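Subject: Structure handover

Hello,

Here is the structure I promised to pass on. Please open it alongside this message. My notes come after it.

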Amino acid sequence: MRPVAVFGVVAAVGRRPALWAVAWRQLRRTSRPQWWRHRPFLPVPPAAYMRFRLVTQYGTADHRIAGEDVVSYLQWCKMQVG
């Protein structure tokens, strides 16, 4: 994910404290195992997973991730848990 997209996603989720726990849970679930041992040393999903999600969401892997789309996804995740 591009740094600009990361800031947009963090800003969109940061404005919604009710989604912080859901965001943290999803980040833990989608991050690579032992992410701290591999570059970029951040808890980010593997590149192949991100390409898959981008293609299924937007139809292309080159699309910029919209913060509001991540918020919608997290709201959906929250509804699924209860």
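Below is what I found, taken region by region.

First, a caution. This is a predicted model. Please read every value below as computed from that model.

**The salt bridges**

Start with the charged side chains. How many salt bridges are there? The count comes to two. One joins Arg15 to Glu68, with the closest N and O atoms 3.8 Å apart. Arg15 sits in the loop between helix H1 (3–14) and H2, while Glu68 belongs to helix H4, so this pair ties together parts that are 53 residues apart in sequence.

The other joins Arg16 to Glu68. Here the closest N and O atoms are 3.2 Å apart. This pair also links distant parts of the chain: Arg16 is in the loop between H1 and H2, Glu68 is in helix H4, and 52 residues separate them. Arg15, Arg16 and Glu68 are thus linked in a network of salt bridges.

How accessible are these three residues? Arg15 is exposed, at 56% relative accessible area. Arg16 counts as partly exposed, at 24%. Glu68 is also partly exposed, with 41% relative accessibility.

**Helix H4**

Glu68 leads us into H4, which covers residues 67–81. Does its length agree or disagree with the expected span? At 1.5 Å a residue, its 15 residues should span 21 Å, and its end C-alpha atoms are 21 Å apart, so the two agree.

Which residues of H4 are buried? They are Gly67, Val70, Val71, Leu74 and Cys77. They cover an arc of only 120° around the axis, so they lie on the same side of H4.

**Gln26 and its partners**

Now look at helix H2, residues 20–30, where you will find Gln26. Is Gln26 buried or exposed? Its relative accessibility is 11%, so it counts as buried. Its side chain makes a polar contact with the side chain of Tyr73, at 2.8 Å.

Set aside the neighbours within four places in sequence. Gln26 is then in contact with Tyr73, Leu74 and Cys77. Leu74 and Cys77 are among the buried residues of H4.

**Ser31 in the next loop**

Move on to Ser31. This residue is in the loop between H2 and helix H3 (47–58). Ser31 is buried, at 12% relative accessible area.

What does the Ser31 side chain reach? One partner is the backbone oxygen of Leu27, at 2.5 Å. Another is the backbone oxygen of Pro43, at 2.9 Å. Beyond its neighbours within four places in sequence, Ser31 is in contact with Pro43, Val44 and Pro45.

**Helix H3 and what follows**

Last, H3. It has 12 residues, which at 1.5 Å a residue should span 16 Å. Its end C-alpha atoms are 16 Å apart, so the span agrees. After H3 comes Gly59. The phi of Gly59 is positive, near 90°.

**Where to look**

If you want a quick tour, begin with the network of Arg15, Arg16 and Glu68. Then view the polar contact between Gln26 and Tyr73. Finish with Ser31 and the backbone oxygens of Leu27 and Pro43.

Over to you.

Best wishes

Conventions. Residues numbered from 1 in each chain as written. Predicted model: local features only at pLDDT ≥ 70, side-chain atom pairs only at ≥ 80, totals over all residues. Heavy atoms only, no water. Helix = DSSP H or I, 4+ residues; strand = E, 2+ residues; numbered from the N terminus. Buried < 20%, exposed > 50% of the residue type's maximum accessible area, 1.4 Å probe, protein only. Polar contact = N/O pair within 3.5 Å; in protein donor to acceptor, adjacent residues only side chain to side chain. Contact = heavy atoms within 4.5 Å. Expected span 1.5 Å × (residues − 1). Arc of directions from axis to C-beta. Salt bridge = Lys/Arg side-chain N within 4 Å of Asp/Glu carboxyl O.
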